[in-house]
Every structure is written in structure tokens, then in C-alpha cells.
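Hi everyone, thanks for making time for this. I'd like to walk you through one structure, so let me put it up on the screen.

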Number of protein chains: 2
Amino acid sequence: MYSQAEENYLKTIYTLEKDFGNEVSTNLIAGKIKTKASSVTDMLKKLANKELVVYKKYQGVYLTELGRLSALKVIRKHRLWECFLVQKLQFNWDEVHDIAEQLEHVKSEALINKLDAFLKFPKLDPHGDPIPDAHGRTILNKSVSISDMKIGAAGVFVGVRDSSSTFLKYLNKKNLALGDKIKVIDIEPFDSSYHIETKTHRLVITSNVAENLYLKNVK
Amino acid sequence: MYSQAEENYLKTIYTLEKDFGNEVSTNLIAGKIKTKASSVTDMLKKLANKELVVYKKYQGVYLTELGRLSALKVIRKHRLWECFLVQKLQFNWDEVHDIAEQLEHVKSEALINKLDAFLKFPKLDPHGDPIPDAHGRTILNKSVSISDMKIGAAGVFVGVRDSSSTFLKYLNKKNLALGDKIKVIDIEPFDSSYHIETKTHRLVITSNVAENLYLKNVK
DNA sequence: ATATTATTTTAGGTTTGTCTAAATTTTAAG
DNA sequence: CTTAAAATTTAGACAAACCTAAAATAATAT
Ligand SMILES: [Mn+2]
Ligand SMILES: [Mn+2]
Ligand SMILES: [Mn+2]
Ligand SMILES: [Mn+2]
């Protein structure tokens, strides 16, 4: 269907649309995909020709419905493979992203649907991100970033914004894992660092880290 | 490490060396890989530069030790993935080859070794072909082609020469599966077709088919 | 031994996806 | 409103892997 490069652009545009609003800029894509702006421009024209994005010169792009569904298919594959790697092959959650980046490009509808069944149709990947079903639909699990919480508030750690290996290894070291109950003990006014508490320990995290931790059932 | 194209050439040269002797010709490779002889020549030079093959103009190639080990790694991955697809995802043996052709190029030592463990270190793939271990070693299971058997001889069906989907679907239709006991009832002198018998039925196969069926414990 | 045929290699292109450097357009500042 | 800076696009190249057509070499047949 689409080439690996095309699939990577679709996926990237999709997540950038979610993170920053629609109308994703050339430079933003170049940054995420670690390529040069001129290469991005080339690819955007190609994607526009295939009706996967709407592209107006100097104006950035946004996905068409076809583009959105195609992006969701790649994301579905990525996240299902991550589940497989963690649940079946005993990988740690910080080791699976790069492998899934390769596996997500394997072309076979039958494969991914059988994998889905084998994993018992998981709804979330090892990083707490929702897995689209075969039609591109996901459950919506609304969560709140710690950086938006007030002193005294608590919730269950259910997701990360940044699922890079570096960040996940940091969380491992600090003994923070999905499912942990986390409470905000104090917020330092000077640098907005957060003092948080889990069942087992207390620690201080920078506002940068706080932004990257999502909790649900916050109260 | 090596590109997909390079890996495919290595694998192809390896199997051609096995099937016909060493010194594999340009045209033979072109035929297997469905590409043109001129493209093969280009690639052989590239592989020779990387010391994966020994190449002398107009003389064909053969794998170096490095080339042989690299080829075995790709074959190991291919066959382990085929096992996974059949044993865990319930694919039929005639559906897995093309998917494994893609999966075999995923780069991660950890992945393939964990997959090996998950599958309990299988020694044979779904087509009866031996799976190299992490060091490139395989069990040797000597078997005999039906086309080399005499009337009255019998054995256990353990492998196929051609594992194309077309041939495997033919075997499905004829109700022949790995593990079946097969006996040669008669050989037609006119066209060398074979009358064979399993526990459940009798059938006639052409000499072409007979060449593609391997039995062990023949007596 | 020579001529014919088959095989292999070379020469020159194409496509995909990338790059650098230069030109253009947009945005931000004064 | 005009200019400087930042973002984006164009122009021209490049590497990988493929192609066709032509040239070179090897194998075969007379
Ligand atoms: Mn990931
Ligand atoms: Mn993930
Ligand atoms: Mn196969
Ligand atoms: Mn096989």
C-alpha cells in the first residue's frame, strides 16, 4: 500500500495534529522525523497527490479522512506489536519502541488481526496509549497531566506523553510504573517542581517530568 | 547491518549453493530473486566489497564464511517467524512464507532470541526445514525424496523441497501433511508417476511432485 | 576452428527518499 | 510601513536498487 517513509510521515502528522492543533508545519515534522525541511516538503507533495493530506504552500498540512485512517492503521500495528513484545516476549516497556517502529511496517491485514486476537484484543499499549481497532476506533481514556494538578490531588498513573527509552528508563529508576497511585504533596513556586508520593516512596520531579505523566481518576 | 536487498541475496545464494553446488551463476540468482541479470551483477560487486561473497567476473559467486553466517541468520529469522505464525497465530503452513519474508528483515538480536525462547527453541519450521540456532548450527535430518524410492518402500513425510503456497495448497487438497506415513505402491514406467498410499487414502502423484516430497525412516 | 548462441557485464536511465545551498515567502521587529 | 529574521520551497545532487539496450565473454555446435 504505502511505503515505510509515507507511513512514518502519516503517523507523525497524526500525532503532531493531536499535540499541537491541526495545520502541522514543515519544520515540526522535520524535527520529529529527524530529516530536513526540504525533504519534508517533497514528501508532503507526494502525500497530497495521494489525497492523504491537504497541503497549501507555506501553510502546513492536515490529514484527510483517508490519511487519518491510514495513520491509525500504522499506529494500531505499532501498539499491538508493543503489547506482544512486552506481554509475550517479556521485553521491558522501555525496550519495545524501536522494534515496533520496524514491525509496524509489515504488510498483512490477516497478521495484525490475528495478532490482535492472540493478545485478546488489548485496548491500551504498554505505555498507556489507546490501540485503535480494525476500524480505527479507540476507547477514550481521559487523563490529566500532573502539571495541571493542585496540591493534595491524587490519581492513578496511566500514561506518558513521551515514551522515549530515555524517559521510561528514568521512570524505572525512580520506581514509577503504570498503575501506581500518585499524590501531589507540594509544588515549589520557584521552579514549579513537584513533590509527589506513591504507596512506597516520595520524590521530587521537575515540571518537565510532571508534564509527561498522565493520571486518571484525579481528585 | 545489511539492507533488505542484501539479505535477500545472501539467503538466495545460500539456498542455491545447497541445491546446485557452489559457484552460483548470475542467471540462477536472477531467476530466484525475480530481477534482471544486470541488477544481480551490480549487487554481487557490492556483496564482494563487503566480503560476503567471492566474485570473479563471468564465474559466478560463492559465500565467504561471513556471508554464510549472515545468510543463516536471515534464514533463522525467517523460519522462527514461520513457526510463530503457525503455532501461535494459527496460520496455515501455506500462508506464512510471504509474511515471514517481511518479518525476517526486522533488526534486533534480542527480538529473535526471545522469540526463539517463546517458541521453546523449535528445531524445524512448519515446512520441515531446520532452524539454525543463534550460532548458525542446525540439526541434520536426512531424508529421501519419494522420487528416489522403490516400490514397496515407506517412510514418514517430513519435508518439502518447494514450499511455495501453490504447492502447499496442492498438498492440502490431496490431504498430505507432515508426519503422515507414506508408502510407494507402484511406479508407472511410462511417465514415472507414483502411486502412493497413506493411512487414509491412495493417490497418484507426478514425478514432479514426487521429487518435492521428502520422507525419513524409509525402508 | 569458426560461427552461432547463451550468459554476463557495462553504460546509461529511472524512482524513492534523502541532502545542501540558494531563492522565495511569511512573520516579527523597529 | 519597511526591514530583518525565520520558515518554507526550489534547484540540483546523491545513493540504493532497480531497469533496458548494447558490448563483451563464454559455451556450444557445426
Ligand atoms: Mn512506541
Ligand atoms: Mn507505545
Ligand atoms: Mn518460507
Ligand atoms: Mn519454511
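Let's start with helix α7 of chain B, residues 165-173. Please keep in mind that this is a predicted model. On the other side of α7(B) from its buried residues, B:Thr166 and B:Lys173 are exposed. Which residues of this helix are buried? They are B:Phe167, B:Leu168 and B:Leu171. Looking down the axis of α7(B), you find these buried residues within an arc of 95 degrees, so they line one face of the helix. The general rule behind that is a familiar one: an α-helix has 3.6 residues a turn, so residues three or four places apart point the same way.

What do the buried residues of α7(B) pack against? In chain B, their partners are β4 (154-160), α8 (207-211) and β8 (213-216). The helix as a whole lies across β4, β7 and β8 of chain B, and it runs at about 145 degrees to β4(B). Just after α7(B) comes B:Asn175, with a positive phi, near 60 degrees.

Now to the sheet. In chain B, six strands make an open sheet, ordered β3-β8-β4-β5-β6-β7, with antiparallel pairing. The edges are β3 (144-145) and β7 (202-205) of chain B; each has a single partner strand, so one side of each is left without a neighbour in the sheet. Further in, β4(B) is joined by three bridges to β5 of chain B, residues 181-187. If you want to find the register, B:Val156 has B:Lys181 in β5(B) as its bridge partner.

Over to chain A, and the metals. The manganese ion (ligand 1) is coordinated by A:His78 through NE2, A:Glu82 through OE and A:His97 through ND1, at 2.0 to 2.1 Å. Along the sequence, those donor residues follow the spacing H-x3-E-x14-H. A:His78 sits in helix α4 (residues 65-88) of chain A and A:His97 in helix α5 (residues 97-103) of chain A, so the pair ties together parts that are 19 residues apart in sequence. A:His78 counts as buried, at 7% relative accessibility, whereas A:His97 is partly exposed at 30%. There is also a manganese ion (ligand 2), 3.4 Å from ligand 1, and A:Glu82 coordinates both.

Last, the two chains together. A turn of 180 degrees with a shift of 0.0 Å along the axis lays chain B on chain A, with an RMSD of 0.1 Å. The two copies are thus related as by a two-fold rotation axis. In chain B, the C-alpha nearest that axis belongs to B:Leu103, at 3.7 Å. The same surface serves both copies, with 100% of the contact residues of chain B recurring in chain A. Thanks for listening!

Definitions and conventions. Residues are numbered from 1 along each chain as its sequence is written. Chains are lettered from A and ligands numbered from 1 in the order in which they are written. This is a predicted model: local features need pLDDT of at least 70, side-chain atom pairs count only at pLDDT 80 or more; totals for chains, interfaces and linings use all residues. Side-chain values use heavy atoms; hydrogens and water are left out. Buried means under 20% relative accessible area, exposed over 50%, partly exposed in between (1.4 Å probe, protein chains only). Helices (H or I, at least four residues) and strands (E, at least two) are DSSP runs, numbered from the N terminus. The arc is that of the directions from the helix axis to the C-beta atoms. Contact means heavy atoms within 4.5 Å. Donors are N, O and S atoms within 2.8 Å of the metal (3.2 Å for Na, K and Ca); water is not among the atoms, so sites may look incomplete. Copies are superposed by least squares on the C-alpha atoms of residues with pLDDT of at least 70 in both. Two strands pair if DSSP finds at least two bridges between them. Axes are lines fitted to C-alpha atoms, for helices over the stretch in contact, and angles run from 0 to 180 degrees between N-to-C directions.
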